[in-house]
Amino acid sequence: MNISPDTALIQKFPLPPLSFQKGDCAAVIRRYIEDQRKQLDIIIENGEPAIEAIAWRTAALDHLLITLYDNLGGNADYTIIAQGGYGRGELCYHSDVDVLFLHNQDSANEIKGQIETLLYPLWDSGLDLGYAVRNEKECLQLMKEDLTILTSLIDTRYLAGKKSYFNSLQKKIRGQFSNAKFREDFARKKEQEQKDRSRRLGGQVYLLEPNTKDGRGGLRDYHHIHWVNRTSLGSIKLNSLVEHNWLKPSEIKNLKAAVHFMWKVRNELHRRSGRKNDQILFDYQAPIAEFLGFKDSDKILAVEDFMRTYYRHAAECLRISQKVNRKSLEARRRSFRIPFLKSKKHYNDFFSIHNKFLSLRDPDVFKKHPNELLNVFRIIQEEELGLGRTVKESIREHLDLIDEDFQRNPENAQTFRAMLSEPSTFVPAMMAMHNSGVLERYLPEFGNLMYRVQHDIYHVYTVDTHSILAVGEFGKLIDGDYESLYPTPTHVAREIIKKDLLSFAILYHDIGKGEGSGHVLKGAPLIRKAAARLGFTDEEVDQMEFLELSHLLMTHLAFRRDLDDPNMILEFAKAMDTEENLNLLYVQTFCDVNAVSQEALTKWKESLLEYLYLKTRSVLTKGEFTKERVKEVSEKLKQDVTLLAGADFSSTDIEQFFTAMPPRYFLTASAVTILDHLNMWNKSKVTPFVFHHRNLDKEDQNEWTILTLSIPGLFPKLCGVLAANNISISEASLNRMSDGHDLHTFKVQNAQGQIITNHSKWQKIETEVKQVLQGEVSLNKLLGDRLARPSIFKEKTARRLPTKVAIDNDLSAFYTLIDVYAHDRVGLLYQITSALFELGLYVDVSKIATKVDQVTDTFYVRDIFGHKITSESRLKKVRERLMEVIDNPEGVEASKETGAA
């Protein structure tokens, strides 16, 4: 696309006046830039096409530089050349303005003064101008050494000055590209640059915060088409690609639509962020969707529809760019007389293999044998091949053959289930199906997931890509990729017999998201329908429906519930019914979480999943957590502690400690941990505060324990001191001993989500704890103005979800569960726990789950008598007070500290 700055839009929206006859030169430029930006806002908000808006801004900058040269440069001995994006006429709202000052002197020093006369007022005006000063010889030398300089010189336009210098350089550059070896070297380097950029930015079109310029399918892929067209075919017009039979007219039309959409999005990104910004961050997605006219519907949010549209355009841009690359390679091979079929071998009557790509032998194969439209992907899976150009193009031409009869064909079902049975090699073949359009045709339910955005900040990929990659995680477990890091899920995955069943359950686990909210219940009938169509038995269909309905359960329990609550474990075991169901759900859950992003499955979270799995498996296989079994475990622990303690503690001491501790303590503590706590308890006889901390390397966090006499509001005060020291709490276990002591254990990390290794940090924390608990230092003083600030633990901002307080009296036999959903901020946990204390509630267990800056905190509470809270009026008061604390942080009395101190 050749964007000419000389646009008819200037007649409708004239350029601002520009005169250097009056006033300071820099001030005139500043005023002009401000005026042209206001005019550009009007053009964009008036709904003019993006191509017109960027052409208008290009014309405005041209006018500025040409007029400035005419006033200050006059007959200066140089030329001003627009290069790069400015040279192409693609100046978005805050795009770089790059110019080349070309002269014919041996040294730039000889022309430096003339050029600086023009540059100084531009610098003083604040214009972000990138420039280079070179003669022709330097340009020709540098373009051989630096790919970026060569690329920028391809896209040049004459602006002002000695045009003969510009014409001479252009002629020399064209002469270089007339050399086949030079063209080949340029093309090879640009293709490698494209691959490196893709690898650096995630390698997928379907990232949830895509980069409109450098991301896969972004404007750089369109630019790549432009550079290939210009250097290989000698044209700046896209239609030349049709004339040379490289692209079809429909593909040019699709490419133009994609590029126009991306320009529109990029312009608005620049406007809203006030700077050059090419990544569609979450903060900008909803406002841009609204600006572009997208509307919410029953099935899809406006922002999700907007992003889905973006991914469709990006996928098409990438596909066309890859096709142009292939055409370019073929043309270069012909020019070098490289034989194409040197390594070609027959695979069967329909296909051949050439350089690890599958190509067509029979161009009519899909018309004669439609089932090969699916079988071709089984072939590339088994042989670990890519799809050749001829196969790809032929598949797209025959997609209409994938109809309802094709979907219900038993032979096709057998082929697809064979693919599912090998999850290790499933992802490349499935992505090929996805990109060719076969996947959404063959699995119609999956079509609703195509390019579907999960509009939260934890996921990295769209729903369809996430689902495919999750199956790949199953393959990695089987292959042993995680054996050293995650041995338990690796072992369980390798024991799965029905690999096709689990692979399909994983692939379809989010299938209900294509139907709107409530995706779990909506997904159940969809997976039943699809599984039956693929020939799974009724029993297997029931099992997949079970996995669909349960696929969020394990993470919910592991990350937000007390895993040492026997009642909860027993209820979960009942829900699983069999060890096979538990194994399938455990592996599916691991794969789902690990496919969200590289950061989603932390060591701590995996250890919680493993802990829940092992405890539940013990219930199903050994009958754990019966009253008799709990008593048996406690007695066994007492024997183990006695043996470990040796002569350090008497049997009376050990008996007193075991009697003082609440029964639930022994469901989780090991003999070694109990001995540590026994030592702390012994020290408490001579000192009021005893601390202990250790690294939990497997969980990538610290365990910090304090033992002291019971103090009113102890838990919220400890939360406050930790918040003041930038410590993030993930879990708290609060044990009240019958002898008047409290043993509180916290699992924590530093502000970067890492283990705290600095010993002096712990010394500082423990000193401040003593000072606060003894009334020597005010918590308000420690916290300062930190309260109500956004969380310091996370850098990104998620879409704010509604705050909510949910109360559950059914899950636990002994506790009322309070779930708090809120936007994270410094000191939030301290304020919530303070409010609970004010309400007369005692927390025994707290689970804190933070997803970027959204928190879901769970508290297991009882009243002063150790009972659940059952009064409706009291529950209402609890909910209202917590909502007040969450939604009005500034309204919380800063001077009102919990209890004494």
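# Exercises on a predicted model

An open sheet in this predicted model has four strands in the order E3-E2-E1-E4, and its pairing is mixed.

## Exercise 1: Sheet edges and packed helices

**Task.** Which strands stand at the edges of the sheet E3-E2-E1-E4, and why is one side of each left without a neighbour?

**Solution.**
- Step 1. Read the two ends of the order E3-E2-E1-E4. Strand E3 (129-135) and strand E4 (156-161) stand at the edges.
- Step 2. Each of them has a single partner strand, so one side of each has no neighbour in the sheet.
- Step 3. Now follow the sheet across: from one strand to the next, the twist averages 25°.
- Step 4. Look at one pair in detail. Strand E2 (residues 97-103) and E3 run parallel and are joined by seven bridges. Within E3, Ala 132 is the residue opposite Leu 100.
- Step 5. Add the helices. Helix H5 (residues 109-125) packs on the sheet and touches strand E1 (78-83), E2 and E3. The direction of H5 makes about 175° with that of E3. Helix H6 (residues 136-145) also packs on the sheet, touching E2 and E3, and its direction makes about 110° with that of E3.

## Exercise 2: A second open sheet

**Task.** In the sheet E5-E6-E7-E8, which strands stand at the edges, and how many bridges join E7 to E8?

**Solution.**
- Step 1. Four strands form this open sheet, again with mixed pairing.
- Step 2. The edge positions belong to strand E5 (345-346) and strand E8 (386-387). Each has a single partner strand, so one side of each is without a neighbour in the sheet.
- Step 3. Strand E7 (residues 357-360) runs parallel to E8, and two bridges join them. Here Phe 357 stands opposite Gly 386 in E8.

## Exercise 3: One leucine in its surroundings

**Task.** Is Leu 582 buried or exposed, and which residues does Leu 582 touch?

**Solution.**
- Step 1. Find the residue: Leu 582 lies in helix H30 (residues 579-594).
- Step 2. Check the cut-off, which is under 20% relative accessible area for a buried residue. Leu 582 has 0% relative accessibility, so Leu 582 counts as buried.
- Step 3. List the contacts, leaving out residues up to four places away in sequence: Met 554, Phe 572, Met 576, Tyr 613, Thr 616, Arg 617 and Leu 620.

## Exercise 4: What lines a cavity?

**Task.** Which residues line the second largest cavity, and where does the largest share of the lining come from?

**Solution.**
- Step 1. Start with the search: the whole structure holds two cavities of 30 Å³ or more. The second largest has a volume of about 30 Å³.
- Step 2. Name its lining: Thr 673, Asp 676, His 677, His 692, Arg 694, Glu 703 and Thr 705.
- Step 3. Assign them to elements. Helix H34 (671-683), strand E9 (689-696) and strand E10 (701-709) each supply at least two residues. The largest share, three residues, comes from H34.
- Step 4. Sort the lining by class: four residues are polar, three are charged and none is nonpolar.

## Exercise 5: A hairpin

**Task.** Why is strand E11 largely enclosed by the rest of the structure, and in what sense do E11 and E12 pair?

**Solution.**
- Step 1. Strand E11 (residues 728-736) has nine residues, and seven of them are buried, so E11 is largely enclosed by the rest of the structure.
- Step 2. E11 pairs with strand E12 (residues 741-749) in the antiparallel sense, over eight bridges. One example is Asn 735, whose bridge partner in E12 is Leu 743.
- Step 3. Finish at the turn: the hairpin has four residues between the strands, and Gly 740 takes a positive phi near 100°.

Terms used: Residues are numbered from 1 along each chain as its sequence is written. This is a predicted model: local features need pLDDT of at least 70, side-chain atom pairs count only at pLDDT 80 or more; totals for chains, interfaces and linings use all residues. Side-chain values use heavy atoms; hydrogens and water are left out. Two strands pair if DSSP finds at least two bridges between them. Axes are lines fitted to C-alpha atoms, for helices over the stretch in contact, and angles run from 0 to 180 degrees between N-to-C directions. Contact means heavy atoms within 4.5 Å. Buried means under 20% relative accessible area, exposed over 50%, partly exposed in between (1.4 Å probe, protein chains only). On a 1 Å grid over the protein atoms alone, a cavity is a set of points where a 1.4 Å probe fits but cannot get out, and a pocket is an open set with protein on both sides within 12 Å along at least five of seven lines; lining residues have an atom within 4 Å of a point. Grid points are joined across faces, edges and corners, and a volume is the space filled by probe spheres set on the points. Ala, Val, Leu, Ile, Met, Phe, Trp, Tyr, Cys and Pro count as nonpolar, Asp, Glu, Lys and Arg as charged, and the others, Gly among them, as polar.
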